[in-house]
Amino acid sequence: MSNTKIKAVFFDFMGTCLDWHSGAIGVLPQSIPESDRSKLALEWRHDYFDANAARLAANQPPEDIDVTLLNTLEALLDKHPDHKHLFDEPTKDTCVSVWHSMPAWPDVPGAVEQLKEAGYEVFVFANGTPRLQLDLCKSSGLKFHMLFSSELLGVYKPAPESYQKTLSLVKVKPEESVMVAAHAYDTRGAKEAGMRTVYVHRWTDDINEDMEVVDGENDFFLEDMTDLAEVIAHF
């Protein structure tokens, strides 16, 4: 347990708080078997992360997430020609727009409210755009004190300056903050910035990570957010 009082809890959004998978497979062409739709969705998500990482490595500014999602979807379909004919322009538009309307995982609303009731400031801190995050708050019903996106900050996570800038804007020291995420690259970046970290395991994300390694890297490793408020109280 730390002697420093935690003031702020930062949440990654998609995957960590939101069940993107059910939304994605729901709009992919239903003539594709569900198991194949699931594989396509997981591959699309992986390719999206790779695209962000490539832009960050090339020192390029964040791209509108809708553009990235469309580009990665079209590249994905090139790798799956058997399905490509099912995706006309309206279908592709629907597949991209669904990322603005995802439900929360069942364990998340209660966890966020418990933290607010306990006096913590709670923020979304995620790659994406302000418009995306506003839409997702509406679709999920989740309420935070403020939303921070890569477009707003001008840099993707896990660049060190993304964490530093976010903490500076709310005048919270790294040791007074916790990053909650379902992505190891994110908790690693937060840890390097001096933040405490809680990794939340979601079956939809980090499918290529060794969870034993991830467990050892973080202050806490959870299977869901049911006990998140209690865990953060122990810092």
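The backbone nitrogen of G128 lies 2.8 Å from a polar atom in the side chain of S150. That contact is a handy way into this model, which is a predicted one. From there, the tour goes through a second polar contact, the aromatic pairs, two helices, and the empty space, where the largest pocket comes to about 430 Å³ and the largest cavity to about 150 Å³.

**S150 and T129**

- S150 belongs to helix α8, which covers residues 150-153.
- With a relative accessibility of 2%, S150 counts as buried.
- Setting aside residues up to four places away in sequence, S150 touches P62, A126, N127, G128, V155 and Y156.
- T129 sits in the loop between β2 (121-126) and α7, and its 4% relative accessibility puts T129 in the buried class too, since the cut-off is under 20%.
- The side chain of T129 also goes for a backbone nitrogen, reaching that of L132 at 3.0 Å.
- Beyond its neighbours within four places in sequence, T129 is in contact with D64, I65, S149 and E151.

**Aromatic pairs**

- There are twelve aromatic pairs in the structure.
- Take F13 and F144: their ring centres are 5.7 Å apart and their planes stand at 90°, so this pair is edge-to-face.
- F13 is in the loop between β1 (8-11) and α1 (20-27), while F144 is in the loop between α7 (130-140) and β3 (146-149), so the pair ties together parts that are 131 residues apart in sequence.
- Both of these phenylalanines, F13 and F144, are buried.
- Elsewhere, ring pairs join F10, F123, F125, F148 and Y163 into a cluster.
- One member of that cluster, F125, also has a charge over its ring: the charged end of K157 sits there, 4.9 Å from the ring centre.

**Helices α1 and α10**

- In α1, the buried residues include W20, H21, G23, A24 and I25.
- Part of the cover over the buried residues of α1 comes from α2 (34-57).
- Helix α10 (residues 184-192) buries A184, D186, T187, G189 and A190.
- The spacing in such lists is easier to read with this in mind: an α-helix has 3.6 residues a turn, so residues three or four places apart point the same way.
- Those buried α10 residues pack against two helices, α9 (160-169) and α11 (211-217), and two strands, β4 (177-181) and β5 (196-200).
- After α10 comes G194, which has a positive phi, near 95°.

**Pocket and cavities**

- The largest pocket has 22 lining residues, and H46, F49, D50, Y185 and D206 are the ones nearest its centre.
- Which helix gives the most to the lining of the largest pocket? It's α2, with eight residues.
- α10 is in on this pocket as well: α2 and α10 each supply at least two residues of its lining.
- As for enclosed space, the structure holds two cavities of 30 Å³ or more.
- The largest cavity is lined by 15 residues, with D12, M14, R45, A126 and N127 closest to its centre.
- α2 turns up here too, as α2 and α7 each supply at least two residues to the lining of the largest cavity.
- A126 and N127, close to the centre of that cavity, are also among the residues that S150 touches.

Key:
Residues are numbered from 1 along each chain as its sequence is written. This is a predicted model: local features need pLDDT of at least 70, side-chain atom pairs count only at pLDDT 80 or more; totals for chains, interfaces and linings use all residues. Side-chain values use heavy atoms; hydrogens and water are left out. Rings of Phe, Tyr and Trp (its six-membered ring) pair if their centres lie within 6.5 Å; planes under 30 degrees apart count as stacked, over 60 as edge-to-face and the rest as tilted. Helices (H or I, at least four residues) and strands (E, at least two) are DSSP runs, numbered from the N terminus. Buried means under 20% relative accessible area, exposed over 50%, partly exposed in between (1.4 Å probe, protein chains only). A charge sits over a ring if NZ of Lys or CZ of Arg is within 6 Å of the ring centre and within 35 degrees of the ring normal. A polar contact is a pair of N or O atoms within 3.5 Å; within protein, one must be able to donate a hydrogen and the other to accept it, and residues adjacent in sequence count only if both atoms are side-chain atoms. Contact means heavy atoms within 4.5 Å. On a 1 Å grid over the protein atoms alone, a cavity is a set of points where a 1.4 Å probe fits but cannot get out, and a pocket is an open set with protein on both sides within 12 Å along at least five of seven lines; lining residues have an atom within 4 Å of a point. Grid points are joined across faces, edges and corners, and a volume is the space filled by probe spheres set on the points.
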